[in-house]
Amino acid sequence: MSPRSFFIIVSKIAGLFLLKESIYLLLQLASSFSFLAAGDGFNETKGFDIVFVLYIILTVALLFLVYLFIFRPGHIINLF
């Protein structure tokens, strides 16, 4: 086993861990959206929009990392 193939296996395992965590994150986001949407009506729509956009950016970035770690580990290894 070469060092490259070892790190490919390690990055795929890390990608599976990130996939599990991203599913957990999406479940947490669902509960926080219901909490933010309930609000008390005191000009919270702007804050809700900002939080919603940040959550979407975070989710897209995390899913991109999962894609890189699971399906394209060679790109990550070539960076180092």
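**Exercise 1. Work out how many helices and strands the protein has, and in what pattern they come.**

Step 1: count the elements. There are three helices and zero strands. Both are DSSP runs, numbered from the N terminus: helices are H or I with at least four residues, strands are E with at least two.

Step 2: read along the sequence. The pattern is α-α-α.

Before going on, note that this is a predicted model, where local features need pLDDT of at least 70 and side-chain atom pairs count only at pLDDT 80 or more, while totals for chains, interfaces and linings use all residues. Residues are numbered from 1 along each chain as its sequence is written, and side-chain values use heavy atoms, with hydrogens and water left out.

**Exercise 2. Find the residues of the largest nonpolar core and say which helix gives the most to it.**

Step 1: get the term straight. A nonpolar core is a set of buried Ala, Val, Leu, Ile, Met, Phe, Trp, Tyr and Cys residues joined through side-chain atoms within 4.5 Å. Buried means under 20% relative accessible area, exposed means over 50%, and partly exposed is in between (1.4 Å probe, protein chains only).

Step 2: list the members. The largest core has 10 residues: Leu18, Leu25, Leu29, Phe33, Leu62, Val66, Leu68, Phe69, Ile70 and Ile76.

Step 3: sort by helix. α1 (3-38) and α2 (45-71) each supply at least two residues of this core, and α2 gives the most, with five.

Step 4: link it to a general idea. In soluble globular proteins, nonpolar side chains tend to be buried together.

Step 5: zoom in on one member. Leaving aside neighbours within four places in sequence, Ile70 is in contact (heavy atoms within 4.5 Å) with Lys12, Gly15 and Leu16.

**Exercise 3. Decide whether Ser11 and Ser22 are buried or exposed, and find what they touch.**

Step 1: place them. Ser11 lies in helix α1, and Ser22 is found in helix α1 too.

Step 2: check the accessibility. Ser11 counts as buried because its relative accessibility is 7%. Ser22 is buried as well, at 4%.

Step 3: look for partners beyond four places in sequence. Ser11 is in contact with Phe69 and Pro73, while Ser22 touches Leu62 and Leu63.

Step 4: follow the side chain of Ser22. It reaches the backbone oxygen of Leu19 at 2.8 Å.

**Exercise 4. Track down the salt bridge and describe its two residues.**

Step 1: the structure holds one salt bridge, meaning a side-chain nitrogen of Lys or Arg within 4 Å of a carboxyl oxygen of Asp or Glu.

Step 2: name the pair. Lys20 and Glu21 form it, and their closest N and O atoms are 3.0 Å apart.

Step 3: see how open they are. Lys20 is partly exposed because its relative accessible area is 49%; Glu21, at 28%, counts as partly exposed.

**Exercise 5. Say why Phe17 counts as partly exposed, and how far its C-alpha atom is from that of Phe69.**

Step 1: Phe17 sits in helix α1.

Step 2: its relative accessibility is 47%, so Phe17 counts as partly exposed.

Step 3: the C-alpha atoms of Phe17 and Phe69 are separated by 9.9 Å, though the two residues are 52 apart along the chain.

**Exercise 6. Work out what share of the protein counts as buried.**

Step 1: the protein has 80 residues, and 21% of them count as buried.

Step 2: now the contacts. Among those between residues at least 6 apart in sequence, 72% join residues at least 24 apart.

Terms used:
A polar contact is a pair of N or O atoms within 3.5 Å; within protein, one must be able to donate a hydrogen and the other to accept it, and residues adjacent in sequence count only if both atoms are side-chain atoms.
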